[in-house]
Amino acid sequence: MTLPRTVAALVATAVLSIVPAQAADDLKVWFVDVEGGQATLFLTPAGESILVDAGWPGFGERDAQRIAATAKEAGITAIDYMLVTHFHMDHVGGVPGLVAKIPVRTFVDHGDSIEKDAEGKKLFDAYVAVRDKAKHLIVKPGDKLPLKAGVEWTIVSAGGKSIQKPLKGAGKPNPLCATYKKRDANDDENGQSTGSFIRFGKFTTIDLGDLLWNKEEALACPAAKIPAVDVYITSHHGMNMSGSPSFVNMVHPKVAIMDNGARKGGTAEAWDTMHAVPGIQDIWQSHFAVDAGKDHNSPENVIANVAETPDSGFSLKLLAHKDGHFEISNARNGYEKKY
Ligand SMILES: [Zn+2]
Ligand SMILES: [Zn+2]
């Protein structure tokens, strides 16, 4: 049967209008607000999802709910890869609650927790109980996540070790190593963080979880093992136990995104170090960091949550294009900026 011309035209228009405005050829990243923990959801153009950490337990399943709502927004019904950077409460604590809301196909982590005290053991055991029910991948530096073509996801640190050879585009001597000094810090699970370098076409980003200042030296000195990135997802929520000048100078970001809470992360030093990087354009934040004050915090339009209470859990969203351009938007006020 042939449709009359006008009806055919109407059908064609209807078909066109259901095609999403943004075709699936971008890399999408949501920075879910988990109040100073981490939960970052990546959705590749091939439709694969990678969730880096799942926030805190408790608070009426707040973080699991926020992540599940974000997954719904992303149009996914399962998490392909749940990458747990390390076994601290603000990263792994939310996993059991999340799995009750949305299934995980493969867990990715550095293996075993090095924190064997009662609290560390309780957290880790609760995680292992759900990890045992899905596929499990233990990663080491130099490994790549087995993603479909399009996104190259390289593990640069895990279990206290880091890559030995520079990644493509890196290898130059790092002048700030001359003034690098170690800091007093416990070498705990933070230093075991599984860190990722992510490349999508010309776009690059890095996420090292809570990798410690003292562990950054092996990546940044004496020569850079990681090339400059477009977006630096700040290590350790912008705490000054991470984010050394030599490391931040190496990753030399155009833009940083800080997953801090109102009173967790966001030490004044983090802004000072990042603003010292020539060419850095913006530092987006999950929260206004109360202790750092107005002098250090970024302008409010690039901060997802400005009021300490009540907290509405607004997220930031990054859309990266293959040609290296990207845009970031703020769910609180709709502010968007293209880079
Ligand atoms: Zn943390
Ligand atoms: Zn930690």
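Two strands count as paired here if DSSP finds at least two bridges between them. With that in mind, let us walk through this predicted model, starting at a hairpin and ending at a pair of zinc ions.

The hairpin is formed by β2 and β3, with five residues between them. In its turn sits G47, whose phi is positive, at about 85 degrees. Strand β2 covers residues 40-43, and four bridges join it to β3 in an antiparallel arrangement. If you look across this pairing, you will find F42 opposite I50 of β3.

Now follow β3 itself, which spans residues 49-52. Its side chains alternate: S49 and L51 point one way, while I50 and V52 point the other way. Residues on both sides of the strand are buried, since S49, L51, I50 and V52 are all described that way. Strand β3 also pairs with β4 (residues 79-83), this time in the parallel sense and over three bridges. Here I50 turns up again, with Y81 as its bridge partner in β4. The connection between the two strands involves helix α2 (residues 62-74), and β3, α2 and β4 together make a right-handed β-α-β unit.

F42 is a good place to step from the strands into the interior. Leaving aside residues up to four places away in sequence, F42 touches L27, K28, V29, E48, S49, I50, V52, W153, I198, T205 and I233. F42 also belongs to the largest nonpolar core, a set of 32 residues, and is listed with L27, W153 and F326 as having the most contacts inside it. Strand β7 (residues 151-158) supplies the largest share of this core, four residues. Another core, of 29 residues, lies apart from it and includes F197, L219, I280 and A289.

From here we can turn to the metals. The zinc ion (ligand 1) is coordinated at 2.1 Å by D90 (OD), H91 (NE2), D210 (OD) and H237 (NE2). Angles among these four donor atoms run from 87 to 151 degrees, and the site is irregular. Along the chain, the donor residues follow the spacing D-H-x118-D-x26-H. D210 sits in the loop between β10 (203-207) and α6 (213-220), and H237 in the loop between β11 (231-233) and α7 (245-251), so this pair ties together parts that are 27 residues apart in sequence. D210 is buried, with a relative accessible area of 2%, and H237 is buried too, at 1%.

The zinc ion (ligand 2) has H86 (NE2), H88 (ND1), N190 (OD1) and D210 (OD) as its protein donors, lying 2.0 to 2.4 Å from it. Its four donor atoms subtend angles of 85 to 176 degrees, which makes this arrangement irregular as well. The sequence spacing of these donors is H-x1-H-x101-N-x19-D. H86 lies in the loop between β4 and α3 (89-92), whereas N190 lies in the loop between β8 (161-162) and β9 (195-200), so these two donors tie together parts that are 104 residues apart in sequence. H86 is buried, with a relative accessible area of 0%, and N190 is buried at 4%.

What links the two sites? D210 bridges the zinc ion (ligand 1) and the zinc ion (ligand 2), which lie 3.6 Å apart. The walk that began at the β2–β3 hairpin thus closes at this bridging residue, D210.

Definitions and conventions:
Residues numbered from 1 in each chain as written. Chains lettered and ligands numbered in written order. Predicted model: local features only at pLDDT ≥ 70, side-chain atom pairs only at ≥ 80, totals over all residues. Heavy atoms only, no water. Donors = N, O, S within 2.8 Å, 3.2 Å for Na, K, Ca; no water. Tetrahedral: all angles 85-135°; square planar, octahedral: opposite > 155°, others 65-115°. Buried < 20%, exposed > 50% of the residue type's maximum accessible area, 1.4 Å probe, protein only. Core = buried A, V, L, I, M, F, W, Y, C linked by side-chain atoms within 4.5 Å. Contact = heavy atoms within 4.5 Å. Right-handed = clockwise from strand over helix to strand, strands pointing away.
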